[in-house]
Amino acid sequence: MNYVIWKCELELRAVQQQPMPEGAEILFVHEQNDRICVWFRCIPDNTPVLRNIVIVGTGHQKAPPPEESKYLGTAVMDNGMFIWHVFECK
């Protein structure tokens, strides 16, 4: 199987669905060019599936519970003015 690393840009909103090839493994979350980006390892020919992504700012009271989510990473934006925590929800 030929795996590749792909990147997707997230919208800066609390809840969204992001298509990724089935079985994609999320590797890293980081800010790039003023966008929150997710890098993932995948087999490009796999069928796309929607992944449920939640973005929560520090201090916001809408963080998903640990039993319903997986922490993916944190993006620091605007020279540290905004800190966004990214989760995938089941």
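Here are some notes for anyone opening this predicted model for the first time.

1. Start with the fold. You won't find a helix here: the protein has 0 helices and 7 strands. Walking along the sequence, the pattern reads β-β-β-β-β-β-β.

2. Next, overall size. The C-alpha trace spans about 40 × 30 × 15 Å along its principal axes. The radius of gyration is 13 Å, and a compact globule with 90 residues would come out near 12 Å, so the two agree.

3. How much is tucked away? Of the 90 residues, 37% count as buried. The accessible surface of the protein comes to about 5900 Å², and carbon and sulfur atoms account for 52% of that.

4. The contacts reach across the sequence. Taking contacts between residues at least 6 apart in sequence, 62% of them join residues at least 24 apart.

5. A quick word on charge. The protein has 8 positive and 11 negative charges, and the mean positions of these two sets are 2 Å apart.

6. Now the aromatic rings, which are worth a look on screen. The structure holds 4 aromatic pairs. One of them is Phe28 with Trp39: the ring centres are 5.6 Å apart and the planes sit at 45 degrees, so this pair is tilted. It links distant parts of the chain, with Phe28 in strand β3 (residues 25–32) and Trp39 in strand β4 (residues 35–42), 11 residues apart. Phe28 itself is partly exposed, with a relative accessible area of 41%.

7. Phe82 and Trp84 make another aromatic pair, and this one is stacked, at 6.1 Å centre to centre with 15 degrees between the planes. The two partners are covered to unlike degrees. Phe82 has 36% relative accessibility and counts as partly exposed, whereas Trp84, with a relative accessible area of 15%, is buried. The cut-off for buried is under 20%, which is why Trp84 falls on that side and Phe82 does not.

8. Finally, pick out Phe40 in strand β4. Is Phe40 buried or exposed? Its relative accessible area is 2%, so Phe40 is buried. Leaving out residues up to four places away in sequence, Phe40 touches a long list of residues, including Val4, Ile5, Trp6, Lys7 and Cys8. Met20, Pro21, Ala24, Glu25, Ile26 and Leu27 are also among the residues that Phe40 touches. For a sense of distance, try Thr74: this residue is 34 residues from Phe40 along the chain, and their C-alpha atoms are separated by 15 Å.

Definitions and conventions: Residues numbered from 1 in each chain as written. Predicted model: local features only at pLDDT ≥ 70, side-chain atom pairs only at ≥ 80, totals over all residues. Heavy atoms only, no water. Helix = DSSP H or I, 4+ residues; strand = E, 2+ residues; numbered from the N terminus. Rg over C-alpha atoms; globule rule 2.2 N^0.38 Å. Buried < 20%, exposed > 50% of the residue type's maximum accessible area, 1.4 Å probe, protein only. Contact = heavy atoms within 4.5 Å. Areas by Shrake-Rupley, 256 points an atom, 1.4 Å probe, with all protein chains shown as cover. Lys, Arg positive; Asp, Glu negative; His and termini not counted. Charge placed at Lys NZ, Arg CZ, Asp CG, Glu CD. Phe/Tyr/Trp six-rings, centres within 6.5 Å; stacked < 30°, edge-to-face > 60°.
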